Amino acid sequence: VTQSPDGAVVYTVNGGANSVSVIDAATNVVVATIAVGSNPFSIARNSMGTRLYVTNRSSNTVSVIDPATMKVVDTIPVGINPQHVVPSWDMRTLWVANNAEGRKDGSLTPVDPATGKPGKPIPVDDPYNMYFTPDGKSAIIVAEAYKRLDFRDPHTMTLQSSLEVPQ
């Protein structure tokens with residue numbers, strides 16, 4: 001779920017329906033439905049509110065939506081089983097966590113939020129989701145299948161350290 005910069009509109013993915021619902025936040029009424037790729041999982045917007053990014057797990061893509069027209073304006077091929085799209089701490093990059101579910105490999109695909117263009121995928125172990133430390137010095141990758149948190153440089157994604165977590 002994400003919302004417009006002014007909070008007037010809420011966007012949510014509908015995994016089984018391969019769509020995004022556009023909801024008027026004042027009335028809680030669905031005002032539009034936008035078709036996206038197969039099995040959408042998460043949604044995020046750029047900081048300007050001019051683009052929405054939807055991960056499509058089964059089609060290994062990200063749908064780029066223009067919220068002004070409520071239309072898909074681009075489809076970005078990414079890694080295997082993309083699950084989350086996460087804005088970087090400095091808001092200069094959107095990171096797509098390609099989980100490769102059921103496997104132990106995966107990748108992160110950087111996307112320029114201003115242009116919507118993807119960068120070169122970076123191989124990482126099983127990135128289910130990611131977060132950033134409050135000071136922005138580390139990206140924290142949830143390596144679900146490995147049951148650990150990987151701390152990485154937030155720009156290069158070079159591994160800094162790992163922390164095993166209980167099962």
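Here is a short chat about strands and a core in this predicted model.

Visitor: In what order do the strands of the open sheet come?
Guide: Four strands form the sheet, and the pairing is antiparallel. From one strand to the next, the twist averages 25 degrees. The order is β13-β14-β15-β16.

Visitor: Which strands stand at the edges, each with a single partner strand?
Guide: An edge strand has a single partner, so one side of it is left without a neighbour in the sheet. That description fits β13 and β16 (159-164).

Visitor: How many residues of β14 are buried?
Guide: Take the strand one face at a time, since side chains in a regular strand alternate between the two faces of the sheet. On one side of β14 sit Ala139, Ile141 and Ala143, and on the other Ile140 and Val142, with both faces covered. For β14, residues 139-143, the buried count is five of five.

Visitor: Which residue in β14 is the bridge partner of Tyr131?
Guide: Strand β13 (residues 127-132) pairs with β14 in the antiparallel sense, over five bridges. Tyr131 has its bridge partner in β14, and that partner is Ile140.

Visitor: And what is the bridge partner of Ile140 in β15?
Guide: On to strand β15 (residues 148-152), which runs antiparallel to β14 and is joined to it by five bridges. There, Ile140 is matched with Phe151.

Visitor: Where does Phe151 find its bridge partner in β16?
Guide: β15 and β16 are again an antiparallel pair, with five bridges. Within β16, the partner of Phe151 is Ser161.

Visitor: Which residue has a positive phi in the turn between β13 and β14?
Guide: These two strands make a hairpin, with six residues between them. The turn residue with a positive phi, about 75 degrees, is Gly136.

Visitor: What is the phi of Lys147, in the turn between β14 and β15?
Guide: β14 and β15 form a hairpin too, this one with four residues between the strands. Lys147 lies in that turn, and its phi is positive, at about 55 degrees.

Visitor: Which strands each supply at least two residues of the largest nonpolar core?
Guide: That core has 11 residues in all, among them Tyr11, Val20, Ile34 and Leu52. The strands that each supply at least two are β2 (9-14), β3 (19-24), β4 (29-35) and β6 (52-56).

Visitor: Which residues is Tyr11 in contact with, leaving aside its neighbours within four places in sequence?
Guide: Tyr11 belongs to the largest nonpolar core, as do Val20, Val22, Ile43 and Leu52. Its contacts also include Ser21 and Pro67. The full list is Val1, Thr2, Gln3, Ser4, Val20, Ser21, Val22, Ile43, Leu52 and Pro67.

How values were computed: Residues are numbered from 1 along each chain as its sequence is written. This is a predicted model: local features need pLDDT of at least 70, side-chain atom pairs count only at pLDDT 80 or more; totals for chains, interfaces and linings use all residues. Side-chain values use heavy atoms; hydrogens and water are left out. Buried means under 20% relative accessible area, exposed over 50%, partly exposed in between (1.4 Å probe, protein chains only). Two strands pair if DSSP finds at least two bridges between them. A nonpolar core is a set of buried Ala, Val, Leu, Ile, Met, Phe, Trp, Tyr and Cys residues joined through side-chain atoms within 4.5 Å. Contact means heavy atoms within 4.5 Å. Axes are lines fitted to C-alpha atoms, for helices over the stretch in contact, and angles run from 0 to 180 degrees between N-to-C directions.
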